[in-house]
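Good morning, and thank you for coming. I would like to take you through one protein model, and I ask you to keep the structure in view as I speak.

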Amino acid sequence: MRAARLIKMVLLLQSRPAMTAAELARELEVSERTVTRDAQALSEAGVPVYAERGRTGGYRLVGGYRTGLTGLGRGEAEALFLSGVPGALREMGLEDVASAARLKVSAALLPSLRDAPRAAAQRFHLDAPAWFREPEVPALLAVVADAVWDDRCVSARYRRGDGEAERDLEPYGLVLKAGVWYLCARVREPEPETKAETKAAGPGAAGPGAAGSAGAGALRTYRIDRFVGVEVLKDRFHRDESFDLPGFWGEQAERFARSILRAEAVVRLSETGVRRLVHTVDPVAARDALAGAGEPDGRGWVTITLGVESEDVAHTQLAALGAEAEVVSPPSLRARFAADAARLAGLYRA
């Protein structure tokens, strides 16, 4: 365990000019005291790790030291060939680049590991698109992907409601969710003269959810298939190195899921209904509802307040629970289920 950690520490220092004890502790998932002990152990073993004290200090390798501990093990080699979704790379226009990289890695592997690509492909296949739909590749995806890789600003026109809007964006990252591509981008600050023109144009002229320069500097999410025009600009933007794409996407996805839950339904669930709820309604709504559930009654049933998108959606979703759920309110939704039950009883009596 410690040997693997020491190797990782050397490789981290080899890949960067210097790292603080806090940064190393975070990467290695240990305490800063452990980092100090490990650095001492490496130094005693002949690895020239140098510690600089002070507020701007940290650890670095002296004299451009390079380790030979960069060989891949079998598990690492197999995992490497699973690190991308082939279809997604193809859609972004990176298929040839990825293929060349895989060939170079394969050629660099030890003879005993040359079968790693085939072994990984035989055992795992990553299929990103959702069921029951033909995936459509957005026409402008490759252009946007190039801008993301090169940290270049873009001017994008996109469909919004019944019309179109245009924004200058700093494209931070792409996300593929259930076969749909999204761009996470920061809205650029308009130039002073643009601000004046926008103010004169009146509220709502600046784009989605904003008036005037409101929203400039904000990180937003856009569906790539709604872009109708993208111009890659000459200037690059300075990427915020603290930006965490997976974390940002997770927060946005959960916020969106909650934003569409505009109504509520009070529902009684059996033990089976509780287990099935997360597979029937939105997972965020199910989690919130079950977290606020009361104590089970004498029959083991619990009462929850469930966030729902609409009464129609709730009717469709909760019908899948059958007799394991009883709608208490709203009265109109309860009446719909009572009518369903009467119709079913009539069918099966016949």
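I shall go through several local features in turn, beginning with the salt bridges. Please bear in mind throughout that this is a predicted model.

The structure holds 18 salt bridges, and I shall describe three of them. Glu 52 is paired with Arg 60, and their closest N and O atoms are 3.1 Å apart. Glu 52 has a relative accessible area of 33%, so it is partly exposed. Arg 60, at 27%, is partly exposed as well.

A second salt bridge joins Asp 150 to Arg 152, with 2.8 Å between the closest N and O atoms. Asp 150 is partly exposed, its relative accessible area being 32%, and Arg 152 counts as partly exposed at 21%. The cut-off matters for Arg 152, because buried means under 20% relative accessible area.

The third takes us to helix 10, which spans residues 245-259. Here the side chains of Glu 254 and Arg 258 meet in a salt bridge of 2.6 Å, N to O. How far apart are Arg 258 and Glu 254 along the helix? They are separated by about one helical turn, because they are four residues apart in helix 10. Arg 258 is partly exposed at 35% relative accessibility, and Glu 254 is partly exposed at 30%. This pair also belongs to a network of salt bridges that links Glu 254, Arg 258, Arg 287 and Asp 288.

Let me turn to Ser 270. This residue sits in the loop between strand 8 (263-269) and helix 11 (271-280). Is Ser 270 buried or exposed? With a relative accessible area of 6%, Ser 270 is buried, because the limit for buried is under 20%. Leaving aside residues up to four places away in sequence, Ser 270 touches Gly 300, Trp 301 and Glu 324. With Glu 324 there is a polar contact between the side chains, at 2.4 Å.

Next, the cysteines. A disulfide is a covalent bond between the sulfur atoms of two cysteines. How many disulfides are counted in this model? The count comes to zero. Two cysteines may be mentioned here: Cys 153 is buried at 1% relative accessibility, and Cys 184 is buried at 0%.

I now come to the backbone. The peptide bond from Ser 329 to Pro 330 is cis, with omega near 5°. Pro 330 is placed in the loop between strand 10 (325-329) and helix 14.

Glu 29, a residue other than glycine, has a positive phi near 60°. Glu 29 lies in the loop between helix 2 (21-28) and helix 3 (32-44), and it counts as exposed at 74% relative accessibility. Ala 178 likewise has a positive phi, of about 50°, although it is not a glycine. The loop that holds Ala 178 runs between strand 4 (163-177) and strand 5 (180-187). Ala 178 is partly exposed, with a relative accessible area of 36%.

Finally, please look at the surface around helix 14, which covers residues 331-349 and contains Leu 347. Leu 344, Leu 347 and Tyr 348 form a nonpolar patch there on the surface, and together they have about 400 Å² of accessible area. Leu 347 counts as exposed because its relative accessibility is 62%, and exposed means over 50%.

Key
Residues are numbered from 1 along each chain as its sequence is written. This is a predicted model: local features need pLDDT of at least 70, side-chain atom pairs count only at pLDDT 80 or more; totals for chains, interfaces and linings use all residues. Side-chain values use heavy atoms; hydrogens and water are left out. Patches are made of residues with over 30% relative accessible area and no salt bridge: like charges are joined within 9 Å, nonpolar side chains (Val, Leu, Ile, Met, Phe, Trp, Tyr) within 5 Å. Accessible areas come from the Shrake-Rupley method with a 1.4 Å probe; for residues, only the protein chains shown count as cover. A salt bridge is a side-chain nitrogen of Lys or Arg within 4 Å of a carboxyl oxygen of Asp or Glu. Helices (H or I, at least four residues) and strands (E, at least two) are DSSP runs, numbered from the N terminus. Buried means under 20% relative accessible area, exposed over 50%, partly exposed in between (1.4 Å probe, protein chains only). A polar contact is a pair of N or O atoms within 3.5 Å; within protein, one must be able to donate a hydrogen and the other to accept it, and residues adjacent in sequence count only if both atoms are side-chain atoms. Contact means heavy atoms within 4.5 Å. A disulfide is a pair of cysteine sulfur atoms within 2.5 Å.
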